[in-house]
Amino acid sequence: MNCPVCNSNNTKVVDSRLSGEGFSIRRRRHCQKCKFRFSTIEEMEILDLIVIKRDGHRENYNRDKLIKGIVKSLEKRAYLEDDFQKLIREIERDLQKKGGNEITSKQLGEIVIKRLKSFDQVAYIRYASVYHSFKDVKTFQKELNRLLKQKNNKK
Ligand SMILES: [Zn+2]
């Protein structure tokens, strides 16, 4: 990173911190030559992916949208911000692993559901029911019963 004043490439990072929901890194730098102080912001790379909707409509993958849906399912649930960010990273890695540059919204939903299942059981049920991924009412009931059973066992 070159100094914006003297253009020297001898700049030193004095501080790094996460900002913007943890998806960007702010670095404070000092130019070693002219002593100018400045900050840079590095954005985390955005997944280059096309999502194919149920009706065949295509749109660019949107991280904000993904996060909104997951946050909604986690309403009133306790979780750590760090864990949440790890969850998002894991989901995006899974999306990438799926290969290619297109994914159906159904595949995307399945990946989220799979990750949510091990993250938060309640959020998992909420998310899955919103996205109608349960085959039928029976499957939904079965999952709900399994969850309730687990809760009772913990007592
Ligand atoms: Zn400088």
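The zinc ion is held by four cysteine sulfurs: the SG atoms of Cys3, Cys6, Cys31 and Cys34, at 2.3 to 2.4 Å. Keep in mind that this is a predicted model. The angles among the four donor atoms run from 103 to 117°, and the site is tetrahedral. For reference, the ideal angle for four tetrahedral donors is 109.5 degrees.

In sequence, the donor residues follow the spacing C-x2-C-x24-C-x2-C. Take one pair across the long gap: Cys6 lies in the segment before β1, Cys31 lies in strand β2, and 25 residues separate the two, so this pair links distant parts of the chain. How exposed or buried is Cys6? Cys6 has 26% relative accessibility, and therefore counts as partly exposed. Cys31, at 1%, counts as buried, because the cut-off for buried is under 20%.

Next, the sheet. β2, which covers residues 24–31, belongs to an open sheet of three strands, in the order β1-β2-β3, with antiparallel pairing. Which strands stand at the edges? Those are β1 and β3, the latter being residues 37–43. Each has a single partner strand, so one side of each is left without a neighbour in the sheet. From one strand to the next, the twist averages 25°. As a reminder, strands of a sheet pair through backbone hydrogen bonds. Between β2 and β3 there are seven bridges, in the antiparallel sense. In that part of the sheet, Arg29 stands opposite Phe38 in β3.

Both of those residues come up again with Thr11. Thr11 is in strand β1, which spans residues 11–19. Its relative accessibility is 16%, so Thr11 counts as buried. What does the side chain of Thr11 reach? It reaches the backbone oxygen of Met1, at 2.9 Å. Leaving aside residues up to four places away in sequence, Thr11 touches Met1, Asn2, Cys3, Arg29, His30, Cys31, Gln32 and Phe38. Two names on that list, Cys3 and Cys31, are also zinc donors. Thr11 therefore touches residues that coordinate the zinc ion, as well as Arg29 and Phe38 from the β2 and β3 pairing, and is buried at 16%.

Last, a helix further along the chain. Helix α4 covers residues 121–130, and its buried residues include Val122, Ala123, Tyr124, Ile125, Tyr127 and Ala128. What caps the N-terminal end of α4? Asp120 does, with a side-chain oxygen 3.0 Å from the backbone nitrogen of Val122. Val122 is thus named twice here: as a buried residue of α4, and as the residue whose backbone nitrogen lies by the Asp120 side chain.

Terms used
Residues numbered from 1 in each chain as written. Predicted model: local features only at pLDDT ≥ 70, side-chain atom pairs only at ≥ 80, totals over all residues. Heavy atoms only, no water. Helix = DSSP H or I, 4+ residues; strand = E, 2+ residues; numbered from the N terminus. Buried < 20%, exposed > 50% of the residue type's maximum accessible area, 1.4 Å probe, protein only. Polar contact = N/O pair within 3.5 Å; in protein donor to acceptor, adjacent residues only side chain to side chain. Contact = heavy atoms within 4.5 Å. Donors = N, O, S within 2.8 Å, 3.2 Å for Na, K, Ca; no water. Tetrahedral: all angles 85-135°; square planar, octahedral: opposite > 155°, others 65-115°. Pairing = 2+ DSSP bridges. Axes fitted to C-alpha atoms, helices over the stretch in contact; angles between N-to-C directions.
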